[in-house]
Each structure stands twice: as structure tokens, then as C-alpha cells.
Amino acid sequence: MNTLDLLQVMLFSPAQLAAAICLAVLFALFVAGNIVLFYYLRNRGVRKLCTHQLQDKRNALLEQLEILRAGGFVSVEAGDEEDEDEDILVVDDEDDDEDDESAPQPQNYFGVVDKEEVDETMDAEILTVAKTSAEARAKLGFASSEYDQKRYYVRYSLGFDAKLRLSGDEVKERYQALMNEISQYKGVKVKSSYRQQRIYKGRKTLGLIVFCGKTLCIALALNPAEYENTKYRGIDKSDKKRYQKTPMLIKLTSTRRLEYAKFLLVQLADLNTIVLEENPEQVVLDVAMQTREQLFVDGKLQIIVLGEVPDSVPAEAEDDEEIDVDETDEDTTPETSELTQYNRSYTARVIQADDELKARYSELKNHILEYLGVHNHITWKREAFYTEKRKCVATFAVRGKTLCLFLSVSASRFDGTKYKVEDRTQQVRNAKMPTMFRIKSDRSTKYAKEMLDIVLAENGAVINADYKPVNYRPVYRSTENLIRNGYIRVKTTTVTQSAEESVKYSKARAKVAATTAAPKKTVSSKKKTADKEPTAKAKESE
């Protein structure tokens, strides 16, 4: 049967069938158009709602900023003491700019570094195995009794949560306020990892919360160039792989900077059509202080073992740093005395040094940075200087009240010269910085410059003719201020003494008190002459 016969048998004629098909297509188009219109109107309503909400939020933040500029206070009680433009030294536990979150994290936070690989810039401390908890010893592999009498040079590498828990109250308050701000946006979540916290909605990354050294920062998915000439300008991190999606970094160093970050979050929400929650809940965070051992056991920091401490290093001089001891409780009995130890950072030592040390420090630092491509990095105990090839060529440290220069060349390099250097090769932490030179006078400052010229020239560094010297002499700050800002660590210990030791303690304490109360008096030359004259006359009479 051919096609024509089939059409004759059908109930509808070809014209009626074609008309039915056309009507079906038109109906489908009508339904699809209504669906598209519905979604368009819905998104338009959401966008209008988002615009109104964010505009109100923006106005409220602008009012808070005006209050701050007028000298008032807002809900977050934090001072504006640490503005990022302030000319002070900054202590970093580590440089987080080079960290890549996509890189795999080590499964166990323990590593052994050979003596040849130890860098002077690594903030080494001494870990006494006998004083370490059983859990930490087991995780480090020191559970056996053969390690009871051993000590090791270690370095602590802190994760995000560890840095947050060990930070000051002001940093924790700003972090709490930031998390409460983020919780107001619908659908926005925060995911924690070892190095950072990621702010996202769906699959899109909106920002990162990180620590740069000890500074709490937030990196947002905004174009830094759009805010370059405004007060909301941040640091452009687009050249770093870690910040490819969030190139605009804001340092939350004060309440005002926190309000700037909140304002930029509003701009970010506006760009991504994110509405506010109708009834946002306050976030309750557990950021209580924990010891480094507890953080290590919980996997929130890494302990890197650099090498074993030789027996020649006495227990009381383990730190190779001066720890100031202050007696805080005058009423305690000699049997139980409470002592406070101040562990001063390199920055604190420079800030509280005398004017002569600051002047020499500023002069030498300008001399080093005068070379092209040389940059510095400050850790807890020292300041390191690197060439373009990321090679550490020199470091500064403060020993007592003396500025010391460490060089990457062997001490034998200056044998038989006028440069009186000290060989520190036996110390593990100075394996790459074996030469130490103490700077105590203008002549030693001149010698230090000459040695720096030799070392930098051997590393191919060239002087920048357009370099302009900068004043690197920091303003003096009180001990209380430095403790509050994290540049001095305080540790209080209770010392129990025997009866015999108590007697010695009392005598020593009385002697110190007498020395403090009655300083030595100098005898003038006139008085000495007067005392000698009777003797001379007596001789003449004889």
C-alpha cells in the first residue's frame, strides 16, 4: 500500500494534520515563553531585593565609618593602634604568600632536616623530650626511653586554626565580627583547611581568610584596580597562584580596616546577586587558647625537627637568646617564688634598643637594600636578607644590647684580615650563616659594610644608583605595648626551693635590693688629690 492510500485511510486530512502540528508547536513556544518570563521576573525581583538590602547595608557601614573617622566607637571594641601604614618592624612567623592550598599537605607533621639544609632564618627553638607529653612524643616518634635525655632543635609551623588560637584578643574579636558579617549573606558558606578558610557560594570562590604572618587578612574576588584610588584599596595579589581567584587582599589590622572589608563584602554580594538572610544567626566560635603541644597533637601545627642539640649547649642557655626574668610577686615566700620570663622578639629588641644601635641598624639596612633585587624578611629572632635568586646572604640578630651580623660565607674567608669575626659553624641553626660579626662602634659599622660589599659582590648583586635611604629607626615602645601586640611572649613559672636554697635566695635578693637602692658613687679627682695631700705633707715632715 502506497503513501496516498494511507493518507486516504487516516481520519484527518493532510491540511488538518499540518494545522494540528503548527498549533502544537505554538503551544510549546507559549509554555516555554511563560517559563522564561517567570524566571526573568523572579530574578528581577531577587535583584531588586538584593539591591535594596545591600544599599541599606552599605549606608549603615558608611555611617559606622564616619563615626570611626570622628573618633567614636562602633560595636567591635578594637583600637586603631596598628594601622598598616605605621612605620614599625613586622614579625612574621613564616611567609604565607608562597603557600599553595592546592598542594598536598603532609600526613604527619614531622620532618627531619639535615644540618646542611638548616636555614638561619628558620625560627629554631629547643624541644626537651623529657618535658614533652606522651601523645606528642608518640607522634614525633620519641616514645622510646632512649630519647629521655635528648634535646632537639625544632621549628613550629602553624596552621590557620593554630595562629588564630595563639593570637591576641583583638584579632579574635575581629575574626568573630567578620564571621558574623559573612553569616548574614544567604547561601554563603565557609570551609576550613589547614592553611586558610575559603568563602564560597555553590562552586564559586568568593574570598579567602588567611594569616600573613600574625596579621589576619581577607582576600576577595574583586578587581584591585577598581579601588586603587579609594580608601578601600587593598594589596594586589594577582601574581600569586594562591590568590588567582581572590586577588584583592585586605589586612584587618584595625577596626576601620574591618569596616572597609565589610563594605567590600557588600560590593562582592552585589556583583554576585547575593541577598541577605532575613533572620541571620550569630556565629559562636571556639577559639580558646591552646598550648602548642595540644595543637600539634590535634594536627593544627607542624613540628619540624632540625637536628639534635649537642651536649655542649647547657640547659640554661638552650635558647641562645636572652630571656629577661622579672620577679612579679614580692610577697611570696622564698620556698615558692613566682617568676615571669619575657621572651623578646628581634623586633622588640630593636624597638627598645638605644639610639646608637638603632642608628647603626638603619645605616646597615639601607646599605644592604641599596643593592638591586635584595629584599628582607623578619622572623621572631632575626632579620634575613635575600638576593634575587632567593639565597640568604646575611642576617641581623640582637645579642644582649649588641647588633650582630651573620654572613653566608665561611669565617676562614676573613682569616688574617682586620675583620675580627666569630666562627659559629658548630651551631646547627647557623649552618648556613657560620660567620658572626659584632657591631659595637662606628669602626665596626664601617667594617660590616665592607664585608657586606664583599659577600654581595660574590653573589652578583649590583648597587642601585637611584636608591634613596629610608629611616629604619623605630620609635620606642613600652614593654606592655609590645606584649599586647605580640612582640614579647610572657611565661610565668613557679619555682620551689629547699630551705638551704631559700637562705641563699634571700641573701641574693637582699643584695640586689641594696645595690638597686644605693648605686655606686664616683669619687672626683679633686677629692682623690685632697686625700693624697696629707700623705705628701707627712712625708715632708718625716
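This passage describes a sheet, the helix packed on it, and the aromatic rings of a predicted model.

The sheet is open and consists of six strands in the order E4-E5-E6-E7-E9-E8, with antiparallel pairing. Strand E4 (189-192) and strand E8 (235-236) form its edges, each pairing on one side only. Within the sheet, strand E6 (residues 204-212) and strand E7 (residues 215-220) run antiparallel and are joined by six bridges. In this pairing, Ile209 stands opposite Ile218 of E7. Helix H5 (residues 169-182) packs on the sheet and touches E4, strand E5 (197-201), E6 and E7. The direction of H5 makes about 175 degrees with that of E6.

Aromatic pairs number 11 in the model. One of them joins Phe142 and Tyr147, whose ring centres are 4.9 Å apart; the planes lie at 40 degrees, so the pair is tilted. Phe142 and Tyr147 are buried. A further pair, formed by Tyr419 and Tyr447, is edge-to-face, with 5.5 Å from centre to centre and 85 degrees between the planes. This pair links distant parts of the chain, 28 residues apart: Tyr419 is in the loop between strand E16 (402-407) and strand E17 (422-423), whereas Tyr447 belongs to helix H10 (residues 442-458). Tyr419 and Tyr447 are both buried. Ring pairs also link Tyr346, Tyr361, Phe385 and Phe396 into a cluster.

Charged side chains were also examined relative to ring faces. Lys365 lies over the face of Tyr472, 4.3 Å from the ring centre. Arg413 lies over the face of Phe414, at 5.9 Å from the ring centre.

Methods: Residues are numbered from 1 along each chain as its sequence is written. This is a predicted model: local features need pLDDT of at least 70, side-chain atom pairs count only at pLDDT 80 or more; totals for chains, interfaces and linings use all residues. Side-chain values use heavy atoms; hydrogens and water are left out. Two strands pair if DSSP finds at least two bridges between them. Helices (H or I, at least four residues) and strands (E, at least two) are DSSP runs, numbered from the N terminus. Contact means heavy atoms within 4.5 Å. Axes are lines fitted to C-alpha atoms, for helices over the stretch in contact, and angles run from 0 to 180 degrees between N-to-C directions. Rings of Phe, Tyr and Trp (its six-membered ring) pair if their centres lie within 6.5 Å; planes under 30 degrees apart count as stacked, over 60 as edge-to-face and the rest as tilted. Buried means under 20% relative accessible area, exposed over 50%, partly exposed in between (1.4 Å probe, protein chains only). A charge sits over a ring if NZ of Lys or CZ of Arg is within 6 Å of the ring centre and within 35 degrees of the ring normal.
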